[in-house]
Amino acid sequence: MTLSLWTHCQAATMQPQAVLPYGLIADAALVLDGPLLRWVGPRRELPPDLARACGTQHGAGGALITPGLIDCHTHLVYGGDRAAEFEQRLHGASYEDIARQGGGIASTVRATRQASAEQLSASASTRLRALLADGVTTVEIKSGYGLALEPERRCLEVARALERSHPVSVRTTFLGAHALPPEFAGRSDDYIDAVLAMLPLLHAQGLVDAVDVFCERIGFSLAQTATIFAAARALGLPVKLHAEQLSDSGGAQLAAGFGALSCDHLEWLSADGAAAMAAAGSVAVLLPGAFYFLRETRLPPIDLLRQHGVAMAVSTDCNPGSSPCTSLLLMLNMACTLFRLTPEEALAGVTRHAAQALGLRDRGVLAAGMRADLAVWDLEQPAQLAYSFGVRPLRQVVFAGVPQ
Ligand code: NIG
Ligand code: FE
C-alpha cells in the first residue's frame, strides 16, 4: 500500500484560486500516493474509502504544512569566499569599483578554477544543508564561476550530483556569460563565441536546464545577451536574465522577447520592462539579500509589478559577492521589510511563483496530482514564516512522498 494520510494540521496550499489567503485549510487532510499528492482538502470532506485505503497515518500535531520551499536563483557552487572584498567595501570601495579592478566575480573565478570537484561539492553541500534546514526541496543552481568549458562543466556536474546525495531537486542553469574571464580581457565578443561553443556541449551532457546571462554595464550587452538567448532557444532551452540590477539597460524587454521564464533583480526595471514581462508571462525574481548586502537604495518597482500582474518570486541569490546567504526564510522576512511584499506574496514567491520561474508545473502548490514535497512547520499561522528571522521553525520535510 503506497497511500499515506496526514491529518491534524493546517495546510497553506498556496492554490491561486483559493478563497482564503494562502489557500489555507484549517483542519486539513493530505493523501500521498508515492511521490505525488492524491488528495488535499478539509478533513471532513475526505472520502471514507480513500481514508481506509491509507496504509500509513501521520498525525501532525497541529503543525502548519506548506509546499516544500523553492529557491529559484542561486550560485551555490563556487570556490573561496569574498570576505576580504566585504572589508574593502566597508573601507569605501563600491561593488562596481572592485569588479572593474579585477576583483569581484573574477576573484571567485580564480578560486573556483583552482578547486577540485570534491572541494566544490563539500562547500556547496554545506550551503545546501543550510537551505534544506529552512524547508527547501527544490533549488536552482547556476554555473558562472568557471567561465571556461572544463570548470563550467565541473560546477554543473557538482550541482547535478548534489541531487543524488541530498533530498532535493536541482535545476541547473548555464551562466557562462556571467563575467569576462581575464584571458578574454578587451575581447568580450570573442568570449561570447566561446560561450556559444560551450553551450551545446554542456547541453548534450544533460547538464543544462536553462540559460542565464548577466546583462549589465559590468556584464554583457543587450546584443551579446540576444546572441546567447537565440542559441539557447534554438536548443529548446528556456532563458532567464540577471536584468536591471545596477542600471536600466532594457534587459527585461529583451528577455521577454525570448519568452524568458524570469527576469531577476530588477531594481531599475522600467514601466516598459514590466509591461513586456507581463505580456510574456516572465516571473520577477526579487533578491532582497543582494539589495541588502550591496546596500542598494533603489527598490525594485513592486507596485508596478503588481499593477501589471507580474508574478513575483523571492530567492536567496546565494553567492559569495552580493548575497552570501543560505536562509530562504530570512529572504521572506527581507522581502517584506525591505521590499514591502505582504507575507502571503512572499510565501507565494518561494512556492508557486518560484516554481513558475523554473518552468516547473508539478510543484509549488498543495493539490492533487502535484509532487508530495511538503514542509511541516511548528507554527500557528503562515505569516509567522516571514515575521521572525533567525528562527528555525521547520519540524520536518517530506520529499517526493518520503518523510526525511
Ligand atoms: O546575482 N549579478 C551578478 N551575479 C551575482 C553576483 C555574483 C558575484 O558578485 O559573485 C548576483 O548578484
Ligand atoms: Fe544572481
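I will go through the metal site, the bound ligand and a handful of single residues in this structure, which is a predicted model.

Let me start with the metal. Ligand 2 is an iron ion, and four residues coordinate the ion: H73, H75 and H242, each through NE2, and D317 through OD. The distances run from 2.1 to 2.3 Å. Written as a spacing along the chain, the donors read H-x1-H-x166-H-x74-D. H73 sits in the loop between β5 (69-71) and α2 (83-90), and D317 sits in the loop between β12 (312-314) and α13 (328-337), so this pair ties together parts that are 244 residues apart in sequence. As for exposure, both H73 and D317 are buried.

Now ligand 1. How many residues surround ligand 1? There are 15, and the closest are R82, Y95, Y145, H178 and S322. Three polar distances to this ligand can be listed. Y95 has a polar side-chain atom 2.4 Å from an oxygen atom of ligand 1. For S322, the distance from a polar side-chain atom to an oxygen atom of ligand 1 is 2.5 Å. For H265, the corresponding value to an oxygen atom of the ligand is 3.0 Å. On its own, ligand 1 would expose 320 Å², and the protein buries 100% of that. The space that ligand 1 takes is the largest cavity.

One of those closest residues can be followed a little further, namely H178. H178 belongs to the loop between β7 and α7. Its relative accessibility is 4%, and because buried means under 20%, H178 counts as buried. A polar atom of the H178 side chain lies 2.9 Å from the backbone oxygen of G144.

The loop that holds H178 also gives us a contrast. P182 is found between β7 (169-177) and α7 (188-204) too. Is P182 buried or exposed? At 53% relative accessibility, P182 counts as exposed. Its C-alpha atom is 11 Å from that of G103, with the two positions 79 residues apart along the chain.

Next, two backbone angles. R340 is not a glycine, yet has a positive phi of about 65°. R340 is in the loop between α13 and α14 (343-349), and at 59% relative accessibility this residue counts as exposed. L341 is found in the loop between α13 and α14 as well. L341, however, is buried, with a relative accessible area of 4%. From C-alpha to C-alpha, L341 and M312 are separated by 9.4 Å, and they are 29 residues apart along the chain.

The second angle belongs to A400. This residue is not a glycine either, and its phi is positive, at about 50°. Where does A400 lie? A400 is in the loop between β14 (394-399) and β15 (402-403). With a relative accessibility of 21%, A400 counts as partly exposed.

Then two arginines that count as buried. R371 is in the loop between α15 (352-357) and β13 (374-377). The relative accessible area of R371 is 17%, which puts the residue in the buried class. What does the side chain of R371 make a polar contact with? The partner is the side chain of D373, at 2.8 Å.

The other arginine, R127, is placed in helix α5, residues 117-132. R127 has 13% relative accessibility and counts as buried. R127 and S262 are 135 residues apart in sequence, and their C-alpha atoms are 24 Å apart in space.

The last residue is L30. L30 lies in strand β2, which covers residues 24-33. Its relative accessibility is 0%, and L30 counts as buried. L30 and C9 are 21 residues apart in sequence, with 9.3 Å between their C-alpha atoms.

To go back over the main points: the iron ion is held by three histidines and one aspartate, that is H73, H75, H242 and D317. Ligand 1 takes up the largest cavity, and the protein buries 100% of the area that the ligand exposes when taken alone. Among the residues around ligand 1, H178 is one of the closest.

Key
Residues are numbered from 1 along each chain as its sequence is written. Chains are lettered from A and ligands numbered from 1 in the order in which they are written. This is a predicted model: local features need pLDDT of at least 70, side-chain atom pairs count only at pLDDT 80 or more; totals for chains, interfaces and linings use all residues. Side-chain values use heavy atoms; hydrogens and water are left out. Donors are N, O and S atoms within 2.8 Å of the metal (3.2 Å for Na, K and Ca); water is not among the atoms, so sites may look incomplete. Helices (H or I, at least four residues) and strands (E, at least two) are DSSP runs, numbered from the N terminus. Buried means under 20% relative accessible area, exposed over 50%, partly exposed in between (1.4 Å probe, protein chains only). A residue is near a molecule or strand if one of its heavy atoms lies within 4 Å of it. A polar contact is a pair of N or O atoms within 3.5 Å; within protein, one must be able to donate a hydrogen and the other to accept it, and residues adjacent in sequence count only if both atoms are side-chain atoms. Accessible areas come from the Shrake-Rupley method with a 1.4 Å probe; for residues, only the protein chains shown count as cover. On a 1 Å grid over the protein atoms alone, a cavity is a set of points where a 1.4 Å probe fits but cannot get out, and a pocket is an open set with protein on both sides within 12 Å along at least five of seven lines; lining residues have an atom within 4 Å of a point. A molecule sits in a cavity or pocket if more than half of its atoms lie within 2 Å of its grid points.
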